[in-house]
Amino acid sequence: FTVIDPDEGFLACGTTGKGRLGSIDLIEEIILDAIYALEKERDLAGKTVLITAGPTEEPIDPVRSITNKSSGKMGYALARVARRRGATVHLVSGPVKIDVPQGVAFYPVSTALEMQAQVEKLYRDADVTIMAAAVADYRVKEIAKEKIKKDSETLTLELIKNPDILASLGEHKNGFLVGFAAETENLTENALSKLKKKNLDMIVANNVAVEGSGFGSDTNIVTIVTENESLELAKMSKDSLADIIIDHIIKNGGTE
Ligand code: CTP
């Protein structure tokens, strides 16, 4: 039996104390955790999985920034599923509007440089690293100290390239390295060339141009690409896909 304690707070009878229904997210996670324990092996027990998620946010001035539409849902689904399957999970996340999953070590970051610094601290201890974050490729060269005034008719921002975090991890490879590829055309070819260029073990290619796939959606349509195989998957929830991605990491020797 697992007993989920009630929460404390304002009660229907007008007093404050212990007796409220616990958080639905917590109840859901405890139920799913029990189901995983019954139905699946904890096949990631003893393993450490490092996951990045969400967008990065690159400041322009104290009140403005450049970001992208990544919701973080795919990375957070991977973090929840990896934890249910028994892993120690480190989640490095850009700013998103999702609750932090239960039982996961959480490292909030904002910019690509902050994400890189945090990932590099955790990378050596990871058996599997999954870069699901949508890292901004460029940042503003000189961040204005004061709010930029609308004095001129046009405004030019000079951008400089951010480091490719995944490629730099591939250069000093440790454990099993998984990337994502957001593509709008030639999905498999582009993904395979990213896999080789960044020295990855697997890449999850995402056609962001079709409905029900990619940024913000609760579902995804992907092709899982390794050096020898390309597996086109049907549309499914990001939670179901997270399980399949982890199955494939294990199948390809990611936890050996
Ligand atoms: N990535 C990264 N650091 C960056 C850019 C991307 O670590 N500065 C990672 C992403 O987390 C993802 C993978 O690289 O796992 C591929 O990202 P994607 O945006 O598809 O490709 P890019 O390498 O940025 O190439 P392009 O935008 O030219 O298609």
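# Pockets, a cavity and a few residues to visit

The second largest pocket of this predicted model is lined by D25, E28, E29, R80, R84, I98, D99, V100, P101, Q102 and D239. Its volume is about 210 Å³, while the largest pocket holds about 840 Å³ of space. Closest to the centre of the largest pocket, among its 38 lining residues, are A133, A134, V135, F180 and A182. The points below start with these two pockets, then turn to the ligand, a cavity and some single residues.

**The second largest pocket**

- Helices α1 (24-39) and α2 each give at least two residues to the lining of the second largest pocket.
- Which element supplies the largest share of this lining? That is α1, with three residues.
- Sorted by class, the lining of the second largest pocket has seven charged residues, three nonpolar ones and one polar one.

**The largest pocket**

- Four elements each bring at least two residues to the lining of the largest pocket: α2 (73-84), α4 (165-171), β11 (176-183) and α5 (187-197).
- The lining of the largest pocket divides into 18 nonpolar, 12 polar and eight charged residues.
- Two names from the centre of this pocket, F180 and A182, are worth keeping in mind for the next topic.

**Around the ligand**

- There are 14 residues around the ligand, and those that come nearest are M131, A133, F180, K194 and K198.
- A polar backbone atom of F180 is 2.9 Å from an oxygen atom of the ligand.
- For A182, a backbone N or O atom lies 2.9 Å from an oxygen atom of the ligand.
- L166 also has a polar backbone atom beside the ligand, 2.8 Å from one of the ligand's oxygen atoms.

**The cavity**

- Rolling a probe the size of a water molecule over the atoms shows where empty space is left.
- How many cavities of 30 Å³ or more are counted? The count comes to one, and the largest cavity has a volume of about 40 Å³.
- L44, V49, A82, V128, I130, I246, I249 and I250 line the largest cavity.
- By class, that lining has eight nonpolar residues, with no polar and no charged ones.
- Strand β8 (128-131) and helix α6 (238-251) each contribute at least two residues to the lining of the largest cavity, and α6 has the largest share, with three.

**L78, a residue of helix α2**

- L78 sits in helix α2.
- Is L78 buried or exposed? L78 counts as buried because its relative accessibility is 0%, and the cut-off for buried is under 20%.
- Beyond residues up to four places away in sequence, L78 touches I51, I130, A132, F180, A242, I245 and I246.
- Among these partners, I130 and I246 also belong to the lining of the largest cavity.
- V49, another residue of that lining, is 29 residues from L78 along the chain, and their C-alpha atoms are separated by 9.6 Å.

**T111 and D43, two loop residues**

- T111 is placed in the loop between β7 (105-108) and α3 (112-123).
- With 14% relative accessibility, T111 counts as buried.
- Apart from neighbours within four places in sequence, T111 is in contact with T56, E57, E58 and P59.
- D43 belongs to the loop between α1 and β3 (48-53).
- At 30% relative accessibility, D43 counts as partly exposed.
- Leaving out residues up to four places away in sequence, D43 touches R85 and I250.
- The side chains of D43 and R85 make a polar contact at 2.9 Å.
- The C-alpha atoms of D43 and E142 are separated by 47 Å, with their places 99 residues apart along the chain.

**Two asparagines with positive phi**

- N186 is not a glycine, yet its phi is positive, at about 40°.
- The place of N186 is the loop between β11 and α5, where N186 is partly exposed with a relative accessible area of 45%.
- N199, likewise not a glycine, has a positive phi of about 60°.
- N199 is found in the loop between α5 and β12 (202-207), and at 37% relative accessibility N199 counts as partly exposed.

Methods: Residues are numbered from 1 along each chain as its sequence is written. This is a predicted model: local features need pLDDT of at least 70, side-chain atom pairs count only at pLDDT 80 or more; totals for chains, interfaces and linings use all residues. Side-chain values use heavy atoms; hydrogens and water are left out. Buried means under 20% relative accessible area, exposed over 50%, partly exposed in between (1.4 Å probe, protein chains only). Contact means heavy atoms within 4.5 Å. On a 1 Å grid over the protein atoms alone, a cavity is a set of points where a 1.4 Å probe fits but cannot get out, and a pocket is an open set with protein on both sides within 12 Å along at least five of seven lines; lining residues have an atom within 4 Å of a point. Grid points are joined across faces, edges and corners, and a volume is the space filled by probe spheres set on the points. Ala, Val, Leu, Ile, Met, Phe, Trp, Tyr, Cys and Pro count as nonpolar, Asp, Glu, Lys and Arg as charged, and the others, Gly among them, as polar. A residue is near a molecule or strand if one of its heavy atoms lies within 4 Å of it. A polar contact is a pair of N or O atoms within 3.5 Å; within protein, one must be able to donate a hydrogen and the other to accept it, and residues adjacent in sequence count only if both atoms are side-chain atoms.
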